[in-house]
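User: I'm new to this one and would like to go through it with you. Could you start with how the chains hold on to each other?

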Protein chains: 2
Amino acid sequence: MKRIPIALTGSGHVSRAFITLLREKESDIEARYELRFDVMAVVRAEGCLFSGQPLGVNQVFKSGGPWIDGNPSWRQGMRISDIFKPAGRGGCLVECTPSDLKSGEPGLSYIIGALESGWNVATASKGALVIAFRKLRSLAASQGLALKFSGATAAALPTLDVGLVSLAGAGIEGIQGILNGTSNYILTKMADGLSYEDALEEARSWGIAEPDPSTDVEGWDSAAKLLLIANACLDTDLALEDVKVSGIADLPVSYVGEARKEGKSVKLLASAAPKKTGRGWRLEVRPTLLDMTHPLFHVNGTEKGITFFTDTMGSVTLTGGRSNPRGAAAALLKDLINIYRGRL
Amino acid sequence: MKRIPIALTGSGHVSRAFITLLREKESDIEARYELRFDVMAVVRAEGCLFSGQPLGVNQVFKSGGPWIDGNPSWRQGMRISDIFKPAGRGGCLVECTPSDLKSGEPGLSYIIGALESGWNVATASKGALVIAFRKLRSLAASQGLALKFSGATAAALPTLDVGLVSLAGAGIEGIQGILNGTSNYILTKMADGLSYEDALEEARSWGIAEPDPSTDVEGWDSAAKLLLIANACLDTDLALEDVKVSGIADLPVSYVGEARKEGKSVKLLASAAPKKTGRGWRLEVRPTLLDMTHPLFHVNGTEKGITFFTDTMGSVTLTGGRSNPRGAAAALLKDLINIYRGRL
């Protein structure tokens, strides 16, 4: 059995779900993969939780939030590099800080620090990869380390596994995806006849939409995921500014309703298609009319989906995958296992 | 750039498509993966095609069939072990002989020979794995070799990649699949009103059904694929006799037509579900009524699909993937790349 030290960044829902899941699956992971992941540190800007022993969820969270004051494991001023260096190579950073799509921080610094210290990386946050995917991929490759980011690209829906592993050797001719559950839920409710505002309110009341839903409904969450999938699977080197984005906030409910009457469906579609002139790819997120034969037509509610169009394998469509912190935590765990397991 | 010798068994459509695809993709595979696969031998019961140089499709096939008489590369009496041994470890057997679900031969002997000689294996034929999956998996693992069989489990639809890689760490609670394109095509046509015989005739005229379609329509092709997926992803150790199988040949057209009128759909569903009493799994292939909310409801014609139900990731559904020799060849190439590429 191999024991792998984990440094966890971020103290939100995904971090919490991850620590909980790790404990829940501990004996199963040992039995099936001969692996054990120990959360040795939880890293924050001002210090770390660190006790020299693996941390459980009750040593990290208290009363629904991160536990610092009075926590015997809290080390004020301790930095992430204080974890990496003494532990040696071969641990894994699990990066769950909020995605800042403009600076990529604080995740970017954490990830660079990990890779430069010989640690692998599994990240659920998008910012660093949106800003610096090529640089990070090269850095990882030059060290023989893994840089995994299923958790940042639709999480439990295995977009990258399929694009990178299952379609290896095939020529991808286009990608279309419904990559944001919140906007898809709102569109589904609008097709049922609700106004945009009422649909958003309903999404908020179920905890599906965040208090500020702008990243989701304006299309930037979809755009960031599309960008990461394209840069990884199509080997493009594009930036978020290269993605043409329009969201669903200005969509008249009559347009969505009419579509349903005609047997069609309006989806916030994220797509990568070859440029009509010359080489390169055009990335776009916009409300799109799909007819019934489209493989993503039936993706409703908070569900997500993606279709890869290829030269040799036809089209391959993935749908489903839980859209919640537990699903994201499961995607992180999946990446961890695939980094450390033996060959298949 | 790494050059990998390939020994190819079988001289049918898949072998032909594989050699053709390899040549077509040669420069692309070199550029993207720094790999080159050379078909050094094509192996038959009576001898091998072998010239010491990589073989192209025109050195293997002539007038639509395998080329032996007068082929300057033909070595009567040469055996596959004569290829493995001198080449040393690290090559790959690509196994494409017809699937014999009773004996597993000749694939079984070829695969054992390859693994015992330190060669990896990618197989598109099911027989050997149906007969001896555990034994072959252990043999591969004990040698640190890969045993890949995407080509045998719905080919371009990446059932195993998702079940083994993307769902690593998740608990699979059930699997349902439409794993045979021919029977699904016939059922789709029956829902349109054709009789079973007319639908089969149409499938034959399009080259979808083989002259003897019994393996497909009686459910045994689906059962074999289900068995391989279950034994790999659920870690069961079941035999083909453990799968309860009923096919579509006796299905009244009125039953299929009535289902459509009620907004339902009849599919030849292959399913793995936990046994109601005690531990273990119940595997079954039978015509099943699906309602519109089922993720495989919309899988029509020759398309295939599979849904994994999990504890942490929700349900993940895959649909599509080309059902022809080129799709199977692409699945073999995918497996080869994933065996030899660097870490992701």
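Analyst: In this predicted model, B:D311 forms a salt bridge with A:K25, and their closest N and O atoms lie 2.4 Å apart.

User: How many salt bridges are there between chain A and chain B, and how many residue pairs in polar contact?

Analyst: Between chain A and chain B the count is two salt bridges, while 21 residue pairs are in polar contact, counting pairs with both residues at pLDDT 80 or more.

User: And which elements of chain A give two or more residues to the side that touches chain B?

Analyst: Those elements are the helices α2 (26–33), α6 (159–166) and α12 (325–340), together with the strands β9 (147–148) and β15 (315–320), each of them in chain A. Of these, α12(A) gives the most to the side that touches chain B, with nine residues.

User: What's that side like by class?

Analyst: The side of chain A that touches chain B has 23 nonpolar, 16 polar and eleven charged residues.

User: Okay, how much area do chain A and chain B bury between them?

Analyst: They bury about 3,600 Å² between them, and 50% of that is on carbon and sulfur atoms. On the side of chain A, the residues that lose the most area to chain B are A:T312, A:R343 and A:L344, which together make up 17% of what that side buries. In terms of contacts, 50 residues of chain A touch 50 residues of chain B.

User: Back to salt bridges, how many does the structure hold over all chains?

Analyst: Over all chains the structure holds 44 salt bridges. One within chain B pairs B:D161 with B:K334, where the closest N and O atoms are 2.7 Å apart. That pair links distant parts of the chain, since B:D161 sits in helix α5 (residues 159–166) and B:K334 in helix α11 (residues 325–340), 173 residues apart.

User: Why would side chains like that pair at all?

Analyst: In general, side chains of opposite charge can pair when their charged atoms come close.

User: New topic: how many cavities of 30 Å³ or more are there?

Analyst: There are three cavities of 30 Å³ or more, and the largest has a volume of about 120 Å³. The largest cavity is lined by 13 residues, and those nearest its centre are B:L22, B:R23, B:E26, B:F37 and B:D38. Both α1 (13–33) and β2 (35–43) of chain B supply at least two residues each to this lining, which divides into eight nonpolar, one polar and four charged residues.

User: Which residues line the second largest cavity?

Analyst: The second largest cavity, which holds about 80 Å³ of space, has a lining in chain A that includes A:I19, A:L22, A:R23, A:E26, A:F37 and A:D38. Two or more residues of that lining come from each of α1 (13–24) and β2 (35–44) of chain A, and by class the lining divides into six nonpolar, one polar and three charged residues.

User: Last thing, what about the backbone: which peptide bond of chain A is cis?

Analyst: The peptide bond from A:E105 to A:P106 is cis, with omega near 5°, and A:P106 lies in the loop between β7 (92–95) and α4 (107–116) of chain A. In chain B, a cis peptide bond likewise joins B:E105 and B:P106, with omega about 5°. Another backbone feature is A:E34, which has a positive phi of about 55° although it is not a glycine; A:E34 is placed in the loop between α2 and β2 of chain A.

User: Why single those out?

Analyst: Most residues other than glycine have a negative phi, and most peptide bonds are trans.

Definitions and conventions
Residues numbered from 1 in each chain as written. Chains lettered and ligands numbered in written order. Predicted model: local features only at pLDDT ≥ 70, side-chain atom pairs only at ≥ 80, totals over all residues. Heavy atoms only, no water. 1 Å grid on protein atoms, 1.4 Å probe; cavity = no way out; pocket = protein on both sides within 12 Å on 5 of 7 lines; lining within 4 Å. Points joined across faces, edges and corners; volume = space filled by probe spheres on them. Helix = DSSP H or I, 4+ residues; strand = E, 2+ residues; numbered from the N terminus. Nonpolar A, V, L, I, M, F, W, Y, C, P; charged D, E, K, R; others polar. Contact = heavy atoms within 4.5 Å. Buried area = accessible area lost by both parts, 1.4 Å probe. Salt bridge = Lys/Arg side-chain N within 4 Å of Asp/Glu carboxyl O. Polar contact = N/O pair within 3.5 Å; in protein donor to acceptor, adjacent residues only side chain to side chain.
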